[in-house]
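Please open the model in your viewer and keep the sequence panel beside it, since this tour moves by selecting one element after another. Each stop says what to select and what is to be found there.

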Amino acid sequence: INAEYMGCGDVMRVKILFQKRDSALIQFRDSQHANTALTHLNNCPFFGSVLGLQASRMPEIALPSPDQLESFEGLTQDFTTSTLHRFANPKYRNSQHITQPNPSLLISNIPEGIDEAAMIQLCSTYGPVKQFKFFVNNRKVGIVEMETVGSAVALLVALHAEDLAQFGYPPSSSGRPLIICFAKRSTK
């Protein structure tokens with residue numbers, strides 16, 4: 001869930017509801033990030049379903065107390081110290097970097113030695129790929145255009161913040177995981 005929402009702002013905590021496992025609370029760094037998620041992700045395809053978002057009455061998500069940890073294990077995640085917060089750096093806090101879910105994804109930190117055919121093969125695991133292109137001046141960054149928004153969401157959720165070495169590809173020389181977000185433009 002975190003990967004889907006990270007493109008809209010910095011996710012601090014996620015809590016899947018104990019009694020209603022198909023629902024979750026998501027706490028963002030601030031209200032602007034939460035409003036961006038409401039604007040961009042409401043009615044977005046998500047693994048064969050459609051996301052329905054609404055603002056919560058709760059200003060923040062409480063972590064389970066130590067005596068509740070066992071029964072709530074895995075339902076609440078704290079990301080407040082995550083190094084993957086996209087908007088932690090003031091240089092990237094501009095909301096112009098955020099776009100609605102669409103079939104095109106920007107993928108960065110692609111390890112050296114991976115070509116377009118390998119990227120298409122990897123991405124096609126999550127749905128039909130229309131096209132993949134590296135940036136002309138930077139082969140560590142590319143744009144993939146998936147057939148549908150749903151397959152783009154599946155790819156983003158599965159591969160964002162992952163190291164491709166675990167899939168049998170060469171490890172990244174920078175040691176950084178893939179960073180994936182919705183692209184403002186297609187591969188054209």
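Which residues of helix 3 are buried? Before selecting them, bear in mind that this is a predicted model. Now select helix 3, residues 116–123, and colour Ala-118, Met-119, Leu-122 and Cys-123, which are its buried residues. If you turn the view until you look down the axis of helix 3, these buried residues fall within an arc of 130 degrees, so they line one face of the helix. On the other side of helix 3 you will find Ala-117 and Gln-121, both of them exposed.

Keep helix 3 in view and show what covers its buried residues: the cover includes strand 6, strand 7, strand 8 and helix 4. Helix 3 lies across strand 6, strand 7 and strand 8, the last of these being residues 138–146, and helix 3 runs at about 135 degrees to strand 7. Next select helix 4, residues 149–159, which packs on the sheet and touches strand 6, strand 8 and strand 9, with its direction making about 155 degrees with that of strand 9.

**The four-stranded sheet**

Hide the helices for a moment and select the strands beneath them. In what order do the four strands of this open sheet stand? The order is 7-8-6-9, and the pairing is antiparallel. Strand 7, at 129–135, and strand 9, at 179–182, are the edge strands, each of which pairs on one side only. Averaged over the sheet and with direction ignored, neighbouring strands are turned by 20 degrees against each other.

Strand 6, residues 104–108, is a useful place to pause, and it pairs in the antiparallel sense with strand 9 over four bridges. Along that pairing, Ser-108 stands opposite Ile-179 in strand 9, while the bridge partner of Leu-105 in strand 9 is Phe-182. Turning to strand 8, you can follow five bridges that join it to strand 6, the two running antiparallel, and here Ser-104 stands opposite Glu-145 of strand 8. Is strand 6 mostly covered or mostly exposed? Strand 6 is mostly covered, with four of its five residues buried.

**The three-stranded sheet**

Now move to another open sheet, in which three strands are arranged in the order 2-1-5 with antiparallel pairing. Its edge strands are strand 2, at 24–28, and strand 5, at 76–78, and each of these pairs on one side only. In this sheet, neighbouring strands are turned by 10 degrees against each other on average, direction ignored. Select strand 1 and strand 2 together to see the five bridges that join them in an antiparallel run; one pair to label is Val-14 with its bridge partner in strand 2, Ile-26.

Stay in strand 1, residues 11–16, and select Arg-13, which belongs to this strand. Why does Arg-13 count as buried? The relative accessibility of Arg-13 is 16%, and the limit for buried is under 20%, so Arg-13 falls on the buried side. Show its side chain and draw the distance to the backbone oxygen of Ile-61, which the side chain reaches at 2.7 Å. If you then display the surroundings of Arg-13, leaving aside its neighbours within four places in sequence, the residues in contact with Arg-13 are Leu-25, Ile-26, Gln-27, Ile-61, Leu-63, Gln-77, Asp-78, Phe-79 and Thr-80.

**A stop in a loop**

Next select Leu-51, which sits in the loop between strand 4, at 49–50, and strand 5. Leu-51 counts as buried because its relative accessibility is 14%. Add Leu-41 to the selection and compare the C-alpha positions: Leu-51 and Leu-41 are 10 residues apart along the chain, and their C-alpha atoms are separated by 7.0 Å.

**Zooming out**

Finally, show the whole protein chain, which has four helices and nine strands. Read from the N terminus on, its elements run α-β-β-α-β-β-β-β-α-β-β-α-β. Of the 188 residues in the protein chain, 39% count as buried. Among its contacts between residues at least 6 apart in sequence, 64% join residues at least 24 apart. With a surface display switched on, the protein chain exposes about 10800 Å², of which carbon and sulfur atoms supply 50%.

How values were computed: Residues numbered from 1 in each chain as written. Predicted model: local features only at pLDDT ≥ 70, side-chain atom pairs only at ≥ 80, totals over all residues. Heavy atoms only, no water. Pairing = 2+ DSSP bridges. Axes fitted to C-alpha atoms, helices over the stretch in contact; angles between N-to-C directions. Contact = heavy atoms within 4.5 Å. Buried < 20%, exposed > 50% of the residue type's maximum accessible area, 1.4 Å probe, protein only. Arc of directions from axis to C-beta. Polar contact = N/O pair within 3.5 Å; in protein donor to acceptor, adjacent residues only side chain to side chain. Areas by Shrake-Rupley, 256 points an atom, 1.4 Å probe, with all protein chains shown as cover.
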